[in-house]
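Open the model in your viewer and keep the selection tool at hand. We will go from stop to stop, choosing a few residues each time and looking at what is there.

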Amino acid sequence: MFNIARQHNFKSSFFPAKSLILRLASKSKSVEPMDGNLAAAYIGYALSDTAFIYPITPSSPMGEVVDEWSARGIKNVFGQPVDVTEMQSEGGAAGAVHGSCSAGSLTSTYTASQGLLLMLPNMYKIAGEMMPCVFHVAARALAGQALSIFGDHADVMACRTSGFALLSSGNPQEAMDLALVAHLASIKSRLPFVHFFEGFRVSHEINSVDKIPYDKIKELIDQKQVEKIRKAAMNPEFPHMRGSSQGPDVYFQIVEAANQYYDVLPKYVKESMEEVERITGRSYKLFDYTGPKDAKNVIIVLGSGGGVCEELVNKMGEELSLGVIKVRLYRPFVVEDFVNTLPNTVERIAVLDRTKEPGSVGEPLYLDVVTALDQVNLRDKMTIVGGRYGLGSKDFTPAMVKSVYDNLVLHKPKNGFTIGITDDVTNTSLEVGEPINCVPEGTQQCMFWGLGSDGTVGANKNAIKIIVDNTDLYGQGYFAYSAHKSGGLTMSHLRFGPNPINSPYLITHANYVACHCPLYVTKYDLLKPAKQDAIFVLNCPWETVEELDKNLPGSLKRRIVEKNVDFYVINASKIAEEVGLIGRINMIMQSVFFKLSKVLPEKQAFELLKKAIKKSYKKFGQDIVDKNIQMVDMGITKYKRISYPESWKDAELEEPEDLSVYPEFVRDVVKPMSSLKGDDIPVSKFPVGGFLPLGTSQYDKRGVAPKVPKWEPKNCIQCNLCSFVCPHGTIRPFLYDEEADKNSSETFVGLDAVGVKGRKDLKFRMQVTPLDCQGCGLCANICPQNCLEMIPIDESKKTEIDNWEYALTLPSYAHLFKRENVKGSQFYKPLLEFSGACAGCGETPYIKLITQLYGEQMMIANATGCSSIWGLSYPNTPYCKNEEGHGPTWGNSLFEDNAEYGLGMAKASKHQRRQLRLLVDEALECETLPKEVRDLFSKWEENMWDLRESKKLADQIKVAIKPYKEECELMKKIWTKRDLFAKKCQFIIGGDGWAFDIGYGGLDHALASGEDINVIVLDTETYSNTGGQASKATPRSSVAKFTYNGKPTKKKDLGMMAMTYGDVYVASVSLSNLNHLVKTIKEAVEYPGPSLIITYSHCIAHGTKGGLTTGIETQNLGVKVGYWPLYRYNPVNKKKGKNPFSLDSKKPKIEGLFDFLDKQARYRSLKSSFPEQAKLKQQQLKEDILDRYNGYVRLANAYKKKK
């Protein structure tokens, strides 16, 4: 039976009439949507003379905006633009801050996590010398068993003995207000401050923020104190000395002499809070209490968790006799103010820490609270327990707060508890009940399931701005992403309402749910967070009830009926394709949102949406603007409302997947995480130390490409170029014999294989895996015979999923080809496949090729960056094993230390193999050693440092010694070390941010070591992983974050610098010349010393016309015009009396340079924002390129002249 008439409170308005009455007429005109980063940076810019910046997620946007404002000439409250300088590392930034403070400037910096720890040595110096400054910190987890870019307080807690005052904010509004408090109090006290807030949860949450005007800020500055600070600076006209070396007779006393300044610091913080209240009306105290005056139970917390607790207290505080104290000033911890904030009636206290201190009796805040109460003799008069929550941005909800309360009121409450996980190992966890809806009355909650790079997140950010700027409503937006660089899941959580919204957790009671990717209907529980009677909008090709009944899973159909959703569908993907913007469905879905939600009058909504489109897409050209506007117009007319049958409530449920067929780790971890059930996985299921097996990405099967290649064998010349350039290893050549041909399906068609010595019976087929392909089209673009056609994925899936599975069962014939050439290499299984890199990535083809050449012997040290994220984002890794079970072993330490990390690996491997050599030497002295083993051992000693020969001999030795492994203790020892017979090939991999900047010192040292290491620099000419900031690899005139007005200096010539050592193999390569690439890698690996290969890696951050699908074409043009030179410096040739330097690219056709630059937004955009600078800097870039080329020519010719 169809439910024709459906009532819904969205019908007349997105907000019920009652809510409209409740709107706050007093909402300030200065209220703007902004995130915590922007709010803090706004204040930091106002009160700084200088700023020193370095990118690290999630604090980078703060540095980006202050750089942009400075470039635009925006003045601070002192009447000048801030002098902003990007440094080579966070340690460098802190050193520069120290120097700037020493010279009398008011200085700020912005950082997080490992970056803050790199600043720590300077922080002790700055505090010790009593220098006012502010570090704004988007607090983030520290890398331990794994990297986590998400928020907690581990980094800040590591700094609590530094002497910096620590001031905490819990939402974007507080980030602005308390940033101002930090700067004002720092000036007053002459002491440095860390102002911190949770990374992502606050730093990236968009909320309605009442912006404080700069003229009001200026009124609060103690100008006399500023002058005192400036006069205390280092100045040869008033000279003094600082930074001495002190002995044990005086050091202690001088440390204690600063006590008086820390004693009065809280007074200055209070004064500053009162001043901020005077101009804003918003009140802050060192410790803020919310709850009943006579509460018996109190929760104490730092940061955004306080907002969650406050919501529950506002809803249930009287009933539970529960209050919450939000700690603002954490260092110094003022006992008197803390005790005075506690209700006199308190009997039980729960302290929540967003960090873990292994081995301690409790976490930091808990210990401070216990100590404070002990000092005033209250410790024994109440129950105090502590617990951990929210590590690595684990969501913290009102239901969890309720669980903390439930534990607290037990007769024997659990101490040292955890909340939000299931700890079945040490049993610390508390159980959590059903979600509790605590958002302010009238708040509407909207959730959007998007596909990375489809524009959903950007469109939702625009929606918040449109609504907040043009209504009396407050807004909040938070965006969650999968680890895939593009093509992954995105979840947008939007809230709008008549009252300020401080709900720092994910939505669990959504009024509006939109799914922008039809694949998700079978992957995720889309309507789990939906309320009764919610609107549900699905982008899909199914437009009738019959089609939906056939394609929707039974579980979703049941949810639809159970929650009585108002169901709409639209084929947005088809509209986008018709318009000519394949995959970019964001504006279509956004128009449907405004149409159905009625959050704004329809006419006004679409006028504002189109205005936002013009602003957002202007830099991409009028054609893109017009197409997006066209999609808006089509979107509001093409959606359909579905009257679904009541019978769906009894829809047949799909059979659960048989997980028993998978390896244990995949079954227990990978599969649940891929279904967004990672929060439910108990502690016992995880291997300790963060270790995991190879090849887990093969189970992902995302199937997100709109179109995938179809191989047409008719004209194929079997060159394998398509496989070679494929970034994800999803198109591969296979060879098979007549028997395999007979057993294959009718669609598994091949050609007679060519170039196979002695096997004319073999057939050749180029096979695609559609569920793993990202649809970039690089393969189709490089094919010289046009044998690849991009077809809809649904068409490909009908046959190619099974064909791929069949191809994987075929035996390998790779050994019939020379491995180290373009064609032959591709018959070897790539031991890097199905990564989470962007579709069309310019980094992965290089590493994939290296795994095909040397993968079974590779040890990899990988710097943090794009290559570490697509290389291993838990639990998925694209690195995999070959048929023997061998494959790359991979590790990531930090960003800055990768060269040292890899050097340590190489030294350890070398040392262990020498130990094996000693055992083999001893065995060779044994007269009873069998001749076969003796001969192999002798041959191995001659070839132990030869990569290929040692591997061949290792395989033979293992077979030969196995029968004798129990004969004596010596043979037992050799057998246990048998894995060391094959030489390991040490690779050190990272991006230009690592190699050119933060890790350069270590890289230089590793190259100077003389050790047999192979360094691969994936040069995207920008910090691509942190959002596209400039590095020393960024060429002059390129616009990047931190160089808003175009980079003013030339690109660092890392290769030339490495050549000065004379014994380092150095090369510059590109995907424009594949033969050169293979030859270079072979020479570098065979060279018995350090090698450095710099790769031209096109990147999405470049904004190339046509996108990454034109990556190879772009590289071809870049080499042609001289933008990217090809060369090799091989020290072996020097020993042979030959020139070690070979310039392998032709004379630049420099006249084409400007056309090449115009194809990339990073150069093109400078012309529109700073046209005069663009003209000057791009001419200078041209001169840079010619100077570099002429220098290489001189180097190529110098040896001949010398000879």
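Begin by selecting Phe287 and Phe333: both residues are buried, meaning under 20% relative accessible area, where over 50% is exposed and in between is partly exposed (1.4 Å probe, protein chains only). This is a predicted model, in which local features need pLDDT of at least 70 and side-chain atom pairs count only at pLDDT 80 or more, while totals for chains, interfaces and linings use all residues. Residues are numbered from 1 along each chain as its sequence is written, and side-chain values use heavy atoms, with hydrogens and water left out.

**Aromatic pairs**

Next, select Phe937 and Phe981, an aromatic pair that is stacked, with 6.1 Å centre to centre and 20° between the planes. Rings of Phe, Tyr and Trp (its six-membered ring) pair if their centres lie within 6.5 Å; planes under 30 degrees apart count as stacked, over 60 as edge-to-face and the rest as tilted. Phe937 lies in helix α32 (residues 931-943) and Phe981 in the loop between α34 (969-976) and β31 (985-991), so the pair ties together parts 44 residues apart in sequence. Helices (H or I, at least four residues) and strands (E, at least two) are DSSP runs, numbered from the N terminus. Phe937 is buried at 0% relative accessible area, and Phe981 is buried at 0% too.

Across the whole structure, a search finds 43 aromatic pairs. Go back to Phe287 and Phe333, which form an edge-to-face pair with 5.3 Å between centres and 65° between planes. Here distant parts of the chain are linked: Phe287 is in strand β9 (residues 287-290), and Phe333, 46 residues apart from it, is in the loop between β12 and α13.

For a bigger selection, take Tyr1096, Tyr1123, Trp1124, Phe1156 and Tyr1163, which form one aromatic cluster.

**A kinked helix**

Now select helix α12, residues 305-320. Where is the kink in α12 centred? Look at Asn314, where the kink is about 60°; the bend at a residue is the angle between axes fitted to the seven residues ending there and the seven starting there. The end C-alpha atoms of this 16-residue helix are only 19 Å apart, short of the 22 Å that a straight helix would reach at 1.5 Å a residue. That expected span is 1.5 Å times one less than the number of residues.

Colour the buried residues of α12, among them Val308, Leu312 and Met316. Because 12 of its 16 residues are buried, α12 is largely enclosed by the rest of the structure. Step on to Ser321, which follows α12 and has a positive phi, near 50°.

**Backbone stops**

Most residues other than glycine have a negative phi, and most peptide bonds are trans. Select Ser393, not a glycine, for a positive phi of about 65°; Ser393 sits in the loop between β14 (383-389) and α15 (398-408). Ser393 is partly exposed at 21% relative accessibility. Phe834 also has a positive phi, near 65°, and is buried at 8% relative accessibility.

For cis peptide bonds, show Thr57 to Pro58, with omega near 5°; Pro58 is in the loop between β2 (50-53) and α3 (60-71). Then show Arg331 and Pro332, joined by a cis peptide bond with omega about -5°. Pro332 is in the loop between β12 (329-331) and α13 (335-341).
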